[in-house]
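Q: Could you walk me through how to read a fold like this one, feature by feature?

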Amino acid sequence: MTTEKKIAPKAPEVPKHGGEVSRRGTTELVTSRGRTSIADAAVRKIAGVATREVEGVHNLGTGGARAVGALRQRIPGSSGRNVAQGVGVEVGERQAAIDLDVIVDYGVSIVGIAQAIRGNVVSSVEGMTGLEVTEVNIAVDDIHIPEEEAEKTRVE
């Protein structure tokens, strides 16, 4: 008896206004055969990874969250880096709203990086979950300057 591994089909690309491409699934999350629910934690992780994929994003999270995250990474046996750090979501049955706290690299256009982040997050979350992303709010909490990091290392 052979067992075949079933692979979920990729969502088709659907053109959106403004030339962007959205990956929308052909199936609904609520059907006559049952309902699929997606946890906030799953959407937070997808949005966190999608945000970090954008060039010019240095990190996510506010100062306190980054400090706790850095401490957590140093603890032996911990789960390591928290990809959902700096990401807040509200997930309903068919829609999601996402809030991001980001730190960008010095020299990048904040307007440009915000557009890139929104596009990547919307594409990733909609493509992987089938949820409609109603908004992606971005708070730029800090600018990463490499020289500041080098000075901190020397002083410590």
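**Reading the model, feature by feature**

Q: Let's start with one residue: is Gln-85 buried or exposed?
A: Gln-85 is buried, at 11% relative accessible area. The cut-offs are under 20% for buried, over 50% for exposed and partly exposed in between, with a 1.4 Å probe and protein chains only. As for what we are reading, this is a predicted model, where local features need pLDDT of at least 70, side-chain atom pairs count only at pLDDT 80 or more, and totals for chains, interfaces and linings use all residues. Residues are numbered from 1 along each chain as its sequence is written, and side-chain values use heavy atoms, with hydrogens and water left out.

Q: Where does Gln-85 sit, and what does its side chain reach?
A: First, the elements: helices (H or I, at least four residues) and strands (E, at least two) are DSSP runs numbered from the N terminus. Gln-85 belongs to the loop between α2 (63-74) and β6. From there, its side chain comes to 2.5 Å from the backbone oxygen of Leu-60. Leu-60, in turn, stands opposite Val-102 in β7.

Q: How many helices and strands does the chain have, and which pattern do they follow?
A: There are 4 helices and 8 strands. From start to end of the sequence, the order reads β-β-β-β-α-β-α-β-β-α-β-α.

Q: How do I read strand pairing, and which strands does β7 pair with?
A: Two strands pair if DSSP finds at least two bridges between them. Here β7 has 11 bridges with β8, and those two run parallel; one place to look is Val-104, opposite Ile-143 in β8. The pairing of β7 with β6 is antiparallel, with 5 bridges, and Val-89 has Ile-98 in β7 as its bridge partner. β6 and β7 make a hairpin that leaves 3 residues between them. Strand β5 (residues 57-60) is also antiparallel to β7, joined by 3 bridges.

Q: What should I look for in a helix, taking α1 and α3 as cases?
A: Compare its end-to-end reach with the expected span, which is 1.5 Å times one less than its number of residues. Helix α1 (residues 40-52) has 13 residues, and its first and last C-alpha atoms lie 18 Å apart, close to the 18 Å expected. Helix α3 (residues 110-129) has 20 residues that should span 28 Å, and this agrees with its end C-alpha atoms, which are 28 Å apart. Just after α3 comes Gly-130, with a positive phi near 80°.

Q: Which residues of these helices are buried, and what does α1 pack against?
A: In α1 the buried set includes Val-43, Ile-46 and Ala-47. The buried residues of α1 pack against β5, β6, β7 and α3. In α3, Ile-113, Ile-117, Val-121 and Glu-126 are among the buried residues.

Q: How do charged side chains pair, and how many salt bridges are there?
A: Side chains of opposite charge can pair when their charged atoms come close. The rule used here asks for a side-chain nitrogen of Lys or Arg within 4 Å of a carboxyl oxygen of Asp or Glu, and the count is 1 salt bridge. That bridge joins the side chains of Arg-35 and Glu-93, at 3.2 Å from N to O. Arg-35 is in strand β4 (residues 34-35) and Glu-93 in the loop between β6 (87-91) and β7 (95-105), so the pair links parts 58 residues apart in sequence. Arg-35 is exposed at 59% relative accessibility, whereas Glu-93 is partly exposed at 44%.

Q: What does the side chain of His-144 touch?
A: A polar contact is a pair of N or O atoms within 3.5 Å; within protein, one must be able to donate a hydrogen and the other to accept it, and residues adjacent in sequence count only if both atoms are side-chain atoms. The side chain of His-144 makes one with that of His-58, at 3.4 Å. His-144 belongs to strand β8 (residues 132-144) and is buried, at 16% relative accessibility. The C-alpha atoms of His-144 and Asn-59 are 8.7 Å apart, although 85 residues separate them along the chain.

Q: What fraction of the chain's residues is buried?
A: Of its 156 residues, 28% count as buried.

Conventions: Contact = heavy atoms within 4.5 Å.
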